[in-house]
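User: I am new to this structure and would like to learn how its features are read. May we take them one at a time, beginning with the interior?

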Amino acid sequence: MSFLTDLFKPAFARAATGGAVSAKASPAARGAQPRAAGAAPAAPGSTKQLALVIDLDVCVGCHACVTNCKQWNTSGEAGPLADLNPYGAGPTGTFFNRVQTYEVGAFPDTQTVHFPKSCLHCEDPPCVPVCPTGASYKRAADGIVLVDADKCIGCGYCAWACPYGAREMDPSAKVMTKCTLCVDRLENEQLPQAERKPACVLACPTNARLFGDVHDPASEVSRAIAERGGQALMPEWQTRPANRYLPRRGMAPPPAQDARDGAGGA
Amino acid sequence: MRPAWSIVIFTTLAGMGQGFFLGLLGLETFAGDAWPAALLAPAAWAVLALLAAGLVASVFHLGHPERAWRAASQWRTSWLSREVIVLPALMAAVGVHALALTLLAQGAAPRGIAFVLGASAGVAAALCAALWWCTGMIYACLRMLREWATPLTPLAFAALGLASGLGLAAAWFACALGRLAGQVAHAVHVAPLVVAHVPVLESARASVGGLCAAALAATFVAIAVKGAWWWRREALRPASTLQSALAIAHPRIRQMSMGMTGGSFNTREFFHHAAPWVMSALPVAMIVFGAALPLVAFAAAAMHSPDAAGAALLCLVVVLQAGGVLCERWLFFAWARHPQNLYYQGVA
């Protein structure tokens, strides 16, 4: 019956529990957070967690990552991705990555922040256990959260479970789609070694997107997270997103995560 | 959230069917001598029809219904998977029960029919409760949707299903009373000396009064549970903010671009997009048709055993009550605020 108690825990109790790592911890401690905090690895026997680290200081909002993501993924294993009414007044379709723009501050002290948004490949992804068919899964080898399009029944339940809105139901294929971190590039022997990276990372003209193993403290991404205080989105849900955002220099960091957890109780 | 009509209709019909079945079982248990199997069997088939209609409605929610069988595989972690197992199991148990009643009605009583009748009734009753719990927990387990993440959610599914289902049972058997009276009159005409038929009719009439009283009680419970759910919802404050969504601490953040031109899955699926008048009219409709009207009607029917006209009126009330439950289920979705909506400030 233990699985029953496990299931009640996420529903009613977990939102109220603490446990998130304080953002006030020293940068070094933060960099090694997945291990230093005693967090369980993504899957038994796995220490690897691939992720993106996005530098909000240098993103210029050019949407090159969006375009290259769409191009690769609509032409590859995951595609084609829907493009409805592409030349009409209201074009819409499936994208794994989108760039939004926010204005922070009050005139004249404003900053324009371009905010790329895709699946965060959570270490504790709420979208995976709710899937009734097992189509949604987290790859044990590298922590990438994926959807098996052949098993997906298109019920949309996983999209409800994701607090970030990272998944999109493809209106043509009628299956759930999401960022794959370009799994079909990472081990693709047709590609030169330097191009075995997500398409968005290769496209970025300002190098705002870093890619690597956030569980390896020596990796470029781990060092960037440690040095710049890489932030997790919506830490109050304890999904432990693997992707991190490097905050603008000179902009105050978010308040301590512990303080917000108090308001997270259901 | 955008209310999915397939699920709104499925949960309303299936919940009603479950309540109807429990009403039928109550009748079999407490007034089994008064009602001939010939009048009980159609009710059991009607329960099966309601569950089947719900199942059909739910299939329209799927992008790939032909793969639906896969949904039974993840019962260890997914409440949706559990529901997918429990619903057909309940339909099978109700089907066996209906078949046994039909055999009994046709005078064929194979050996062990009493056991089959009792066992299928017990199994189906347990599965009714299990299905309500699974259906409710599908929503209640999503901790990010705080309006849903409470034990009150499955309790409200059960209470509303019970109220509407017992109401339907009361209306159904109030109508069946007319046929029973006809049969008794015929029997008295054929064999006037057999006066035992008249107390049977009285007992059947009393059992319909009992169903009305049960529907009344269930409606009271449903109002209490749903009222508590609503009260809790009013008091909820979002746990996520634009600041936590973007990991930017500044108190003044304004969205300039959502990152697309013609909308996306995110702007369609997670907003109800209903006009303000709909959002203010539906709670009124929910209270009037789902709570007030059934309360008055069931109370009146429980006090004065309904005649033919009263039975017809009760049928009308039950249909309107189902409409009230549909409103409730629609609002259940529309009132849920998904944290992802923080990233789409341009959508109301």
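**Reading the core, a helix, a hairpin and a loop**

Analyst: This is a predicted model. Let us begin with one residue: Ala170(B) touches Val208(B), Leu211(B), Cys212(B), Ala215(B), Phe298(B), Ala301(B) and Leu314(B), leaving aside residues up to four places away in sequence.

User: Which residues have the most contacts inside the largest nonpolar core?

Analyst: In soluble globular proteins, nonpolar side chains tend to be buried together. Here the largest nonpolar core has 182 residues, and Leu90(B), Val94(B) and Ala170(B) have the most contacts inside it. Helix α5 of chain B, residues 152-190, gives the most to this core, contributing 20 residues.

User: How is the length of helix α3 of chain B to be read?

Analyst: One compares its span with the span expected at 1.5 Å a residue. Helix α3 of chain B, residues 79-105, has 27 residues and reaches 38 Å from first C-alpha to last, close to the expected 39 Å. Just after α3(B), Gly107(B) takes a positive phi of about 85 degrees.

User: In which sense do β4 and β5 of chain A pair?

Analyst: Strands β4 (residues 97-106) and β5 (residues 109-118) of chain A are antiparallel, over 10 bridges. A hairpin joins β4(A) to β5(A) through 2 residues, and Val99(A) stands opposite Pro116(A) in β5(A).

User: Why is Pro36(B) classed as partly exposed?

Analyst: The class depends on how many other C-beta atoms lie within 10 Å: 20 or more means buried, 12 or fewer exposed. Pro36(B) is partly exposed because it has 18. Pro36(B) lies in the loop between α1 (5-31) and α2 (37-59) of chain B.

Definitions and conventions
Residues numbered from 1 in each chain as written. Chains lettered and ligands numbered in written order. Predicted model: local features only at pLDDT ≥ 70, side-chain atom pairs only at ≥ 80, totals over all residues. Helix = DSSP H or I, 4+ residues; strand = E, 2+ residues; numbered from the N terminus. Expected span 1.5 Å × (residues − 1). Pairing = 2+ DSSP bridges. Core = buried A, V, L, I, M, F, W, Y, C linked by C-beta atoms within 7 Å. Contact = placed C-beta atoms within 7 Å.
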